[in-house]
Amino acid sequence: MNQNVPANFPVIAIDGPTASGKGTVASSVAMALGWHFLDSGSIYRLVALQALRSGVGFDDAERLMAIAKALDVSFDGEEVVLDGEDVKDKLRHEEVGNGASRLAALPMVREALLERQKSFRQKPGLVADGRDMGTVVFPDAFLKIFLTASVEARAERRYKQLIGKGLSANLESLVLDLKERDDRDTNRAVAPLKPSSDAVLLDTTTLSAVHAVKFILDLARQRMR
Ligand code: CDP
């Protein structure tokens, strides 16, 4: 075998809009298969967090690109260690999420994060969660899922998540916020949120996460036979 050709380990790409339940579903699929898991949104969030800390604006493409390239991060189980500090909880703050959504529209930032995301493709396989996993980062994924749910169902899930964490939340403003993010993700010029032509659409408005995971695992096992 030619040692210069990297082995292409199998990838399942799970894309979809904000709060569609991708994170829960994708990490459960990865765990069931014993595969690696990439939460690509957390990488965009890391850039946003670092930008906030260094006073860099979310539209300053040059400096954001430099941050993206220099990120000193490692993923250790549940922990996300940035410059030696576990920032998992900080990444979930709304201002970090909003910043991530804004800087994710910048082509230079996306380009700078490409190789980092690809490096998660390791033996025995990878489940990757994001917006452009099936279209841009892993176009050769053997299974691509596009997970959707109505805005109302997604807002309700996010609401329960926040309340569950003891944070305050308002359903109406969550609906507006989700619509705004959907709009930004869908209409950006580079890697917009859209199903790959070969993706399987899965609407989870009335489907539980457990059922969504089973659906994806059944499909993956069929295709791996
Ligand atoms: O929790 P939520 O779905 O809002 O966000 P996330 O998946 O953690 O991603 C944070 C932001 O990064 C999103 O608002 C997207 O705009 C962006 N993103 C992206 O552009 N491409 C990806 N592959 C993943 C996230």
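Which residues are linked with R53 in a network of salt bridges? In this predicted model, the partners are E85 and K90, which together with R53 make up that network. Good morning. I shall speak first about charged side chains, and then about one pair of helices.

A search of the whole structure finds 15 salt bridges. I shall discuss several of them, beginning with D182 and R154. Their side chains meet in a salt bridge with an N to O distance of 2.6 Å. D182 belongs to helix 9, residues 171-187, whereas R154 belongs to helix 8, residues 151-164, so this pair ties together parts that are 28 residues apart in sequence. Are these two residues buried or exposed? D182 has a relative accessibility of 15% and counts as buried, because the cut-off for that class is under 20%. R154, at 3%, counts as buried as well.

Let us now stay within helix 9. There, D177 forms a salt bridge with R181, and the closest N and O atoms are 3.7 Å apart. The two residues are four positions apart in helix 9, so about one helical turn separates D177 from R181. D177 is buried, with a relative accessible area of 16%, and R181 is buried at 4%.

A further salt bridge joins R184 to E180, with 4.0 Å between the closest N and O atoms. Here too the spacing in helix 9 is four residues, so R184 and E180 are about one helical turn apart. What of their accessibility? R184 is partly exposed, with a relative accessible area of 25%, and E180, at 47%, also counts as partly exposed.

I turn next to helix packing. Two packed helices are described by the angle between their axes and by the distance between those axes. For helix 1, residues 22-33, and helix 10, residues 209-224, the angle is about 50° and the axes lie 9 Å apart. Helix 1 is therefore oblique to helix 10. The crossing of helix 1 with helix 10 is right-handed.

Which residues meet where these helices touch? Helix 1 contributes T24, V25, S28, V29, A32 and L33, and helix 10 contributes A209, A212, V213, I216, L217, R221 and M224. Sorted by class, this contact has ten nonpolar, two polar and one charged residues.

To close, I return to the opening topic. The network of R53, E85 and K90 is built of salt bridges, and the search of the whole structure gave 15 salt bridges. Thank you for your attention.

Note on methods. Residues numbered from 1 in each chain as written. Predicted model: local features only at pLDDT ≥ 70, side-chain atom pairs only at ≥ 80, totals over all residues. Heavy atoms only, no water. Buried < 20%, exposed > 50% of the residue type's maximum accessible area, 1.4 Å probe, protein only. Axes fitted to C-alpha atoms, helices over the stretch in contact; angles between N-to-C directions. Parallel < 35°, antiparallel > 145°, perpendicular 65-115°, else oblique. Left-handed = near helix turned anticlockwise from the far one by under 90°. Contact = heavy atoms within 4.5 Å. Nonpolar A, V, L, I, M, F, W, Y, C, P; charged D, E, K, R; others polar.
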